[in-house]
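User: I have a complex to go through. Can you walk me through the interface?

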Amino acid sequence: MRLIADLFLLIGSAFAFLGALGLLRMPDVYNRIQAGTKAVTLGALAFLIGAALLFPQWWAKLLCILGFILFTSPVSSSTIARAIYLSGVKPWQARAPESGPVSAEPTEGRP
Amino acid sequence: MTPNLLETLAAILLGAALLIALVRFVLGPTAPDRVVAADTLTVITTIAIAGLALVLASPVYLDVALVFGVLAFVGVVAIARAIEGGRS
Amino acid sequence: MNHTSADPRPSVGHYLFSVLVLALLWLLLAGSLKAAELTAAFAVGAVVTAMTGSRLAVLAGVRLSPLAPLHLLRYLAVFLFALVRANLDMARRVLSPSLPLRPAVVEVETRLRSSLGRMLLANSITLTPGTLAVDVRGDRILVHWVDCAPGTDLDQATRAISHAFERHIRGFLK
């Protein structure tokens with residue numbers, strides 16, 4: 001039992017680490033948000049499941065924290081993305097792809 | 001409880017994640033980058049506080065994690081709205 | 001943008017739903033099922049619902065039907081699967097030295113009417129493979145897509161990104 005719990009804890013930490021690494025490596029703000037939010041949210045999910053396996057009597061509070069993170073983490077990142085988008089930052093474009101133009105309408109939804 | 005090898009490794013990974021996110025927070029280069037880094041930092045910190053509850057085997061820290069998460073969320077959203085309002 | 005005008009007034013059922021959810025949250029936080037806690041939970045739920053009653057228009061998006069919990073569970077399963085897939089995808093991108101990215105901003109159409117439903121859809125989009133909801137404008141959601149094929153139009157984007165979620169969300173939200 002403890003081994004499974006530890007594996008979950010390890011997976012959670014690894015995803016949190018990957019999220020932070022993505023935050024450092026990605027070329028622009030939007031991609032950083034993507035890497036940060038997704039990986040860290042799954043990291044929290046796995047870590048808290050691991051914690052619940054380790055201490056089953058805490059499941060209620062862990063469920064609260066988990067639900068809260070699952071609900072608010074995308075909200076806050078979407079809010080940041082919206083703020084950045086409205087303040088006029090354009091998405092980063094990879095230059096010189098293998099064939100043709102990078103993307104037909106990269107800014108099609110702009111106001 | 002005393003952490004075994006896997007748990008120590010998990011703690012080290014979490015610490016490294018916090019440090020890397022902090023590097024992005026310090027480097028910037030723009031204000032939105034710092035907000036994104038701060039957002040990621042708060043979620044990782046929430047996980048880390050939950051991990052502290054495990055190590056100390058005391059459920060009080062889970063409440064700390066929950067309250068920290070709530071306040072951090074409000075803070076990040078407030079800062080995001082501030083950036084948005086500051087557009088020219 | 002007006003966020004609440006699309007929502008009709010909540011019914012009595014929605015207020016009861018609110019009381020129930022708040023009481024459940026209280027019980028989860030308290031972590032016990034004693035009579036005192038139960039009383040406190042429902043009392044607090046009722047007081048909070050009464051205090052915020054006029055602003056609960058958001059709740060009107062909840063579909064109160066016996067099948068709704070089933071749809072919610074199915075949605076959660078789809079969502080968890082997508083979350084894991086999103087992360088494996090993201091891990092691959094982060095760890096590969098060349099950072100394979102083709103980012104673009106596309107629009108996605110939704111037929112969900114309530115603001116709660118749109119918010120949940122936007123949340124799901126943010127947590128699924130390579131997409132990030134940027135803004136909600138009427139029945140369009142702006143999405144930043146990490147790996148967008150050149151020349152993707154509205155329909156293709158909708159099918160690729162949001163269709164699966166929307167089908168499930170419609171089961172329990174309007």
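User: How many salt bridges does the rule find across the interface of chain B and chain A?
Analyst: Three. The rule wants a side-chain nitrogen of Lys or Arg within 4 Å of a carboxyl oxygen of Asp or Glu. This is a predicted model, where local features need pLDDT of at least 70, side-chain atom pairs count only at pLDDT 80 or more, and totals for chains, interfaces and linings use all residues. Residues are numbered from 1 along each chain as its sequence is written, and side-chain values use heavy atoms, with hydrogens and water left out.

User: Which residue does B:D33 form a salt bridge with?
Analyst: A:R32. Their closest N and O atoms are 2.2 Å apart.

User: Which helices of chain B supply the side that touches chain A?
Analyst: Helix 1 (5–27), helix 2 (31–56) and helix 3 (60–85) each supply at least two residues. Helices here are DSSP runs (H or I, at least four residues), numbered from the N terminus. Helix 2 gives the most, with 15 residues.

User: How many residues does the contact take from each chain?
Analyst: Chain B gives 50 and chain A gives 45. Contact means heavy atoms within 4.5 Å.

User: And what area is buried between the two chains?
Analyst: About 4100 Å², with 81% from carbon and sulfur atoms. That is accessible area (1.4 Å probe) lost on putting the two parts together, summed over both.

User: Back to helix 2 of chain B. What does it reach, first C-alpha to last?
Analyst: Helix 2 of chain B reaches 36 Å with 26 residues, close to the 38 Å expected at 1.5 Å a residue. The expected span is 1.5 Å times one less than the number of residues.

User: What follows helix 2 of chain B?
Analyst: B:A57, with a positive phi near 50 degrees.

Definitions and conventions. Chains are lettered from A and ligands numbered from 1 in the order in which they are written.
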